[in-house]
Amino acid sequence: MSFFQKLFKGLVDDKSKDNSGKGSSKGSVTTYYGTVRPDPNFSASRDAAALQTAIDTKGVDENAITEILARRSNSQRQEIKAAFQQETGKDLMKTLGSVLKSHYKHAALGLLMTPPQYDAHELGQAMKGLGTNEKVLDEILGTRSNQEIILLKTAFKEAYGKELEHDIQGDTHGHYKTALLALCKGTRNEDHDIDDGLAKSEAKSLFEAGEKRLGVVSSVFIDVLTSRGDAQLCKIFKQYEKLSPQGFAQVLMHELHGDTEGCLMTLVKAAWNKPAYFAERIHLAMKGMGADCDTMTRIIVSRSEVDLQKILQEYKRMYGKPLQQDIQAETKGDYEKLLLVLCGDQTGV
């Protein structure tokens, strides 16, 4: 059992707030857990001109590009794109895409997309060509809010000329397809008020659909996990512990298999501790021979204005060393620097 799975026993306390990195109490001050903040002395035209100079420099000045893109908020980057277009008559993303290379290029272009556009792009890439990267589908659809899913679906249609559900139906099948399409609706109950009676009832339904019988009724697992919000799911898991000594996560691994298990386990992990889920994803991306830079880039870029501070904290707690230390060991050059700047220029020590 992985270290993250060992967290399950200790992190099932009732949750009355969202763990995505944004405060949830009405009227309360929202705490910011991102690592990238708006530049207080921002000038879109000045940054656009600086980027043009960096692009025109012999060999391209990636350091200057990093200093601008990684130290501006996403909304400021959108203003830079508009200013660049107005002042040069060129599309900034196409221009950078023609001069940058490899993982650095992918990260830089990701920073220039809006969050919905970036999610849509990553989903499109995950279903492009032969084979499907199911873990990317799980990661994005299993961790985004209802509003974020609605927005990424709109961005997907604008980018690819078809509905996201169309591609999911063509690239997946069975119970896994059912789970993804349910998440695509963007209708999970995100109410932070926990219904104890419902939690007890649905814990019993899950128990009877799995452990208590020979064979599993997958539809029950899918219906409950794809319709309830994080706080309610955690209460359900707590109630489940009263019915089974194994705990729900362990049961899920035993009762379901393959892509369906992977998708639903994403929902379980994200409900318990979303930053820890992302920390584990990054750690696994750097485990073994060669780093999965696509996963590292996607998570660090997409969470840099959401909860990357919390992800850094969880990574150090779970693996005993700063994420920045592993980034330095597994990456190099301009790509390494870009990721480190997005992590807040901290050593993590």
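The largest pocket of this predicted model has a volume of about 530 Å³. A pocket is here an open set of points, on a 1 Å grid over the protein atoms alone, where a 1.4 Å probe fits, with protein on both sides within 12 Å along at least five of seven lines; lining residues have an atom within 4 Å of a point. Grid points are joined across faces, edges and corners, and the volume is the space filled by probe spheres set on the points.

The lining of the largest pocket comprises 23 residues, and K135, G262, K269, R281 and L284 lie nearest its centre. Elements that contribute two or more residues to this lining are α8 (134–141), α16 (258–285) and α17; helices are DSSP runs of H or I with at least four residues, numbered from the N terminus. Helix α16 provides the largest share, twelve residues. By class, the lining has ten charged, seven polar and six nonpolar residues, where Asp, Glu, Lys and Arg count as charged, Ala, Val, Leu, Ile, Met, Phe, Trp, Tyr, Cys and Pro as nonpolar, and the others, Gly among them, as polar.

Residues are numbered from 1 along each chain as its sequence is written. Local features need pLDDT of at least 70 and side-chain atom pairs count only at pLDDT 80 or more, while totals for chains, interfaces and linings use all residues, and side-chain values use heavy atoms, with hydrogens and water left out.

Helix α20 (residues 333–342) is largely enclosed by the rest of the structure, because seven of its ten residues are buried. Buried means under 20% relative accessible area, exposed over 50%, and partly exposed in between (1.4 Å probe, protein chains only). The buried residues of α20 are Y335, E336, L338, L339, L340, V341 and L342. Their cover includes α3 (62–69), α6 (102–112), α17 (293–303), α18 (308–319) and α19 (323–330). Just after α20, G344 adopts a positive phi of about 100°.

Two residues that are not glycines also have positive phi values, as tabulated below.

| Residue | Phi | Location | Relative accessibility |
|---|---|---|---|
| V60 | about 70° | loop between α2 (44–56) and α3 | 15%, buried |
| S102 | about 50° | helix α6 | 47%, partly exposed |

Aromatic pairs number eight, under the rule that ring centres of Phe, Tyr and Trp (its six-membered ring) lie within 6.5 Å; planes under 30 degrees apart count as stacked, over 60 as edge-to-face and the rest as tilted. Y240 and F248 form an edge-to-face pair, at 5.3 Å centre to centre and 75° between the planes. Y240 is buried at 0% relative accessibility, and F248 is buried at 1%. The pair of Y315 and Y319 is tilted, with 5.0 Å centre to centre and 55° between the planes. These two tyrosines, Y315 and Y319, stand four residues apart in helix α18, so about one helical turn separates them. Y315 is buried at 0%, whereas Y319 is partly exposed at 21% relative accessibility. Ring pairs also link F207, F221, F237, Y240, F248 and W272 into a cluster.

K310 lies over the face of Y33, 4.2 Å from the ring centre; the criterion is NZ of Lys or CZ of Arg within 6 Å of the ring centre and within 35 degrees of the ring normal.

S218 belongs to helix α13 (residues 218–227) and is buried at 9% relative accessibility. Apart from its neighbours within four places in sequence, S218 is in contact (heavy atoms within 4.5 Å) with H175 and L256.
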